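Biologist: Hey, got a minute? I'd like to walk through this structure with you.
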Amino acid sequence: MKHNPAELNRKITLQRPGPPVRDELGGLQAPVYETLRSFPAKVTQRNQSRQQFVADYVTADTRYFVVRDIRSIYPGINAKWRLLYNGYTWIINKIELLDEEKPPYIQITATAVNGSGGII
């Protein structure tokens with residue numbers, strides 16, 4: 001499926017987790033994310049559904065972000081990374097190659113989270 005570069009009309013910013021840091025008791029601290037660069041993306045809504053989360057129901061906003069294949073620039077990109085879009089932080093759920101035609105595109109599936117890390 002051919003993608004039109006004009007469809008990539010939104011900006012997402014990639015964040016990579018820093019190296020793990022141990023606290024004074026030997027446990028791991030929450031990762032600190034390094035903000036990398038922004039990329040043009042096509043954003044589509046996957047779903048907005050109510051999901052049970054620790055005995056309560058929350059609305060989870062999950063979207064697809066289609067970008068040019070950036071895995072050669074960031075070969076370690078995976079579900080531990082995050083992205084910033086529209087004022088929210090998004091946890092990456094899955095990254096998949098859409099097609100191998102030149103230029104290749106990937107689809108990043110991500111869910112929005114609030115400042116404390118909870119699903120929106």
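Modeller: Sure. Of the 120 residues in the protein chain, 31% count as buried. Keep in mind that this is a predicted model.

Biologist: How many helices and strands are there in the protein chain?
Modeller: The protein chain has 0 helices and 6 strands. Going along the sequence, the pattern reads β-β-β-β-β-β.

Biologist: And what share of the contacts comes from residues 24 or more positions apart?
Modeller: Taking contacts with a separation of 6 or more, residues 24 or more positions apart account for 53%.

Biologist: Let's go inside. Which residues of the largest nonpolar core touch the most other members?
Modeller: Those are Ile12, Leu14, Phe65 and Leu83, in a core of 20 residues. Strands S1, S2, S3, S4, S5 and S6 each supply at least two residues of this core.

Biologist: Leu14 sounds fun. What is Leu14 in contact with?
Modeller: If we skip neighbours within four places in sequence, the contacts of Leu14 include Leu36, Phe39, Tyr74, Trp81 and Leu83.

Biologist: Some aromatics in there! Which aromatic cluster do Phe39 and Tyr74 belong to?
Modeller: Phe39 and Tyr74 form one aromatic cluster together with Trp81.

Biologist: How many aromatic pairs does the count come to?
Modeller: The count comes to 5 aromatic pairs. In one of them, the ring centres of Phe39 and Tyr74 are 6.2 Å apart with the planes at 90°, so that pair is edge-to-face. Phe39 is in strand S2 and Tyr74 is in the loop between S3 and S4, so the pair links distant parts of the chain, 35 residues apart.

Biologist: Are Phe39 and Tyr74 buried or exposed?
Modeller: Both are buried. There's also an aromatic pair between Tyr85 and Trp90, which is tilted, with 6.2 Å from centre to centre and 55° between the planes. Tyr85 and Trp90 are both buried too.

Biologist: New topic: where is Thr13?
Modeller: Thr13 sits in strand S1, which covers residues 10–17.

Biologist: Why does Thr13 count as buried?
Modeller: Because its relative accessibility is 16%, and buried means under 20%.

Biologist: What does the side chain of Thr13 join up with?
Modeller: A polar contact of 2.8 Å connects the Thr13 side chain to the Ser38 side chain. Leaving out residues up to four places away in sequence, Thr13 touches several others, among them Thr35, Arg82 and Leu84.

Biologist: OK, charges now. How many salt bridges does a search of the whole structure find?
Modeller: The search finds 5 salt bridges. One of them is between the side chains of Arg16 and Glu34, at 3.2 Å from N to O. Arg16 lies in strand S1 and Glu34 in strand S2, so this pair ties together parts that are 18 residues apart in sequence.

Biologist: How much relative accessible area does Arg16 have?
Modeller: Arg16 has 29%, making it partly exposed. Glu34 is partly exposed as well, at 40%.

Biologist: What about Arg63 and Asp61, buried or exposed?
Modeller: Both of those are buried. Arg63 and Asp61 form a salt bridge, with their closest N and O atoms 3.2 Å apart.

Biologist: And which residue forms a salt bridge with Glu96?
Modeller: That's Lys94, and the closest N and O atoms are 4.0 Å apart. Glu96 is partly exposed at 30%, and Lys94 is partly exposed at 45%.

Biologist: Last one: what area does the protein chain expose?
Modeller: About 7,700 Å², with carbon and sulfur atoms supplying 50% of it.

Key. Residues numbered from 1 in each chain as written. Predicted model: local features only at pLDDT ≥ 70, side-chain atom pairs only at ≥ 80, totals over all residues. Heavy atoms only, no water. Helix = DSSP H or I, 4+ residues; strand = E, 2+ residues; numbered from the N terminus. Buried < 20%, exposed > 50% of the residue type's maximum accessible area, 1.4 Å probe, protein only. Polar contact = N/O pair within 3.5 Å; in protein donor to acceptor, adjacent residues only side chain to side chain. Contact = heavy atoms within 4.5 Å. Core = buried A, V, L, I, M, F, W, Y, C linked by side-chain atoms within 4.5 Å. Phe/Tyr/Trp six-rings, centres within 6.5 Å; stacked < 30°, edge-to-face > 60°. Areas by Shrake-Rupley, 256 points an atom, 1.4 Å probe, with all protein chains shown as cover.
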